[in-house]
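Let's walk through this one together, a piece at a time. Have the 3D view open and follow along.

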Amino acid sequence: MRVPLSWLREYVDLPATETGRDVQAKLISAGLEVESVEQLGDGLKGPLVVGQVRTIEELEGFKKPIRFCTVDVGQANGTGEPQEIVCGARNFSVGDKVVVVLPGAVLPGGFSIAARKTYGKVSHGMICSTDELGMGDDGTHGIIVLPPEHEVGADAIELLQLVDEVLDIAVTPDRGYCLSMRGVARETAIAYGLPLLDPALLDVPAPNAFGHPVKVADPFGCDRFTARTVTGLDPEAQSPIWLRRRLQKAGMRPVSLAVDITNYVMLELGQPLHAYDRSRVRGTIGVRRAEAGEELTTLDGVTRKLSTDDLVITDDRGPIGLAGVMGGANTEIDDTEGTTTEVVIEAAHFDSVSVARTARRHKLSSEASRRFERGVDPEAASAAAQRTVDLLVLLAGGTAEAGVTEIIAPSAPHTITIPADHPDKVAGVTYGRETVVRRLQQVGCDVYGQDELLVTVPSWRPDLTDPNDLAEEVIRLEGYENLPSTLPRPLPGHGLTERQRLHRRVGRALAGAGYVEALNYPFLGEAALDQLGLDADDPRRTLVTLVNPLSDEEPALRTTLLPGLLGALRRNDGRGSHDLALFETGLVFRPTGEERVPARLPVDRRPSAADLAALDAALPRQPRRAAVVLAGAREQAGWWGRGRPSDWADAVQAARVVAGEYGVELTVRAEQHAPWHPGRCAALYAAVDGAETLVGHAGELHPRVVKAMHLPERTCAAEVELDVLERAREGALGAPRISTFPVATQDVALVVDQAVPAADVEAALREGAGELLESVRLFDVYENAEQLGEGRKSLAYALRFRAGDRTLTVDEASAARDRAVALAGSRTGAVLRG
């Protein structure tokens, strides 16, 4: 919300010495996010005056049209003679009033004006456009042509209100009332302890039966609808300069008088309005939900297919507007032909959730929807309609019809019961009852009672719903800076938990293995799961959906780390980094369907163990995971030799690195699991309480997934669950033991059927070799039908033997090897090659 200081002063009698920076500091102290203060006209120096074009001479022989003009500026130039000016613009004529900057002036940006020779003539000044004066967008981008009533030689700086300060406020969702001058003025008045001149305090006629007919079929979606009619408008009437300038300073573009007035009143009171051309409205104006198959062409020219959840404004023909979002083109006020002489003003209050969903569904955010989403004062509708009528009568010469239509759904004011000392307990500061009552009354609440206060919330504060909200109002108005600083007192000896230390070790280990950590948002949508090729019944499709997501395309919490990591890999690959190895550790969210609605925790005491347990029971299961993705070269080529691309084995090794930090050995088996390639996917298992438990998967992604997600060819990935690895740990992880005795290495090549997993052969070798076996490593897989036979493969293992108390003899190592081979043969049918 852009707030011109000159406009703000109309509602709060600020001291003349107060600057925009001073007001910014006060509002920030009151809890508003005032991001900046823009100095309009900074560095502007006159003379800048009103002039009248006397003559125009077209100069020939140049690449673009050039005009030599004489302009009457009165006595502003000291001589009274017409000012000679060269200008290239063509949107003005002889007799028009224009804005002229004379030699010696300085325009915004430090642009000094002096007499200079150009196009064979001497130009004594310049005829100005809105861009040159820094006035903002007015839709023309041409020379400023003023209304004829302005006096020649008058000061244009004051006339155009070129010097001002504008506060730019980032309005948070709970402060929708500050999307108006009225709301910001109220906060300013409270901050300075000054009275507020409320612009909504108007004399409004009572509703009667003579207004434009209105029928509200959905009182929940629209609990208030006011309609007023103004006739006899001058179709040629233009918005006055003061109105256009206020809209420009507030960041809106002037359009036409009727539209400018509705926008002005919206900025002033916070109530969105809409003006219909009465001649184009057919019959009764209605409010209802859209019917299946209905369409509406909105003011932006887009034809939209309506949902049955959309709240629409209708007449006898059907929808004429999206309620609270945007009007329809079929009742638009026609500014091009200037034929609109009668308008119907709509000032209504719509359900915030309905408006928000409609705006997001149609990807159509507007100034009106922004306000309705955050909450609009329902009691301001009739005042806003009256203010609009008054301005149309004043500026367009119209006549207000006596008919007033007002439909109101019955509702009671919201009341909250709060102990008088509740803000004291929340803040840890003794405010006292008088301070609490005074601050709540400043906000606009009606307060009754002594020790127990009964507070009636003002209509413009829908965000105040419980005692803690009221406590926050007291605390912020008393000043957050006045809250005492209390340092926490940690108990001695308490540092990171064992789980946290292990989590950090995983990150360090992956970083040491050449992976780069990529932190991603924990959100995803169904589209990402479709790209991964997950089946309809895949558990990863059971999502926790957010009530208020940051993006409609990613409305749910992630059930796997892969979409975020693969998105990061795709972006980096698209920007020229083709050799990538990324990792992420974090939570995924897997609902069980047994979650309960949590209770609201108290703020006057520390939550009990039962309170925390109830909160935990309301949460979905949140396992910790680690994932890696790889693409491009895993080893770079250079003088040391040829490089190699990353492959499925690197993904499996990354999982082993993670498991190694927990002291857990993984068993690798072939498996088919989306989104991995069915022939290059490994399932990773670990022993938990004596049972083989799935830890995760690793391998090369399916080509269809690679194509759908626009990833580099042969992209690989791994994802493992850290909580399972933690359960698989056997006691504390000890430091590696270093033996003083030499190792004895024995290599064996075993021929088995191709269907036999290498993990089964390795397990048999480990068990058969006994305690002397230090490690076993598969270093070669060989397949040759002529030498080995059809359907056979050779697995070559390196067996390392070592004793802790002696040097092994060749016979001991060979005997251990033979026992290992014998057990592998009996279990898997393996035979020694050759």
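In this predicted model, start with an open sheet of 4 strands, whose order runs S16-S23-S15-S24 with antiparallel pairing. Look at the two ends of that order: strand S16 (274–277) and strand S24 (399–408) are the edge strands, and each has a single partner, so one side of each is left without a neighbour in the sheet. Going from one strand to the next, the twist averages 20°.

Zoom in on the S16 end. S16 pairs with strand S23 (residues 343–350) in the antiparallel sense, over 4 bridges. If you want a landmark there, Tyr276 stands opposite Val344 in S23.

Now for what lies across the sheet. Helix H9 (residues 381–396) crosses strand S15 (222–231), S23 and S24, and it runs at about 15° to S15.

Next up, the nonpolar packing. The largest nonpolar core has 54 residues, and the members that touch the most others are Val3, Leu8, Val23, Leu27, Val265 and Leu392. Take Val23 as a way in: leaving aside neighbours within four places in sequence, Val23 is in contact with Leu5, Leu8, Leu14, Leu167, Thr188 and Tyr192. Apart from this core lies another one, of 32 residues, including Ala654, Tyr662, Val668 and Leu722.

And what about empty space? The structure holds 2 cavities of 30 Å³ or more, and the largest cavity contains about 120 Å³ of space. Its lining is made of 13 residues, of which Tyr177, Ser180, Leu269, Gly270 and Asp377 are the closest to the centre. Helix H4 (residues 181–192) supplies the largest share of that lining, 3 residues.

Note on methods: Residues numbered from 1 in each chain as written. Predicted model: local features only at pLDDT ≥ 70, side-chain atom pairs only at ≥ 80, totals over all residues. Heavy atoms only, no water. Core = buried A, V, L, I, M, F, W, Y, C linked by side-chain atoms within 4.5 Å. Buried < 20%, exposed > 50% of the residue type's maximum accessible area, 1.4 Å probe, protein only. Contact = heavy atoms within 4.5 Å. Pairing = 2+ DSSP bridges. Axes fitted to C-alpha atoms, helices over the stretch in contact; angles between N-to-C directions. 1 Å grid on protein atoms, 1.4 Å probe; cavity = no way out; pocket = protein on both sides within 12 Å on 5 of 7 lines; lining within 4 Å. Points joined across faces, edges and corners; volume = space filled by probe spheres on them.
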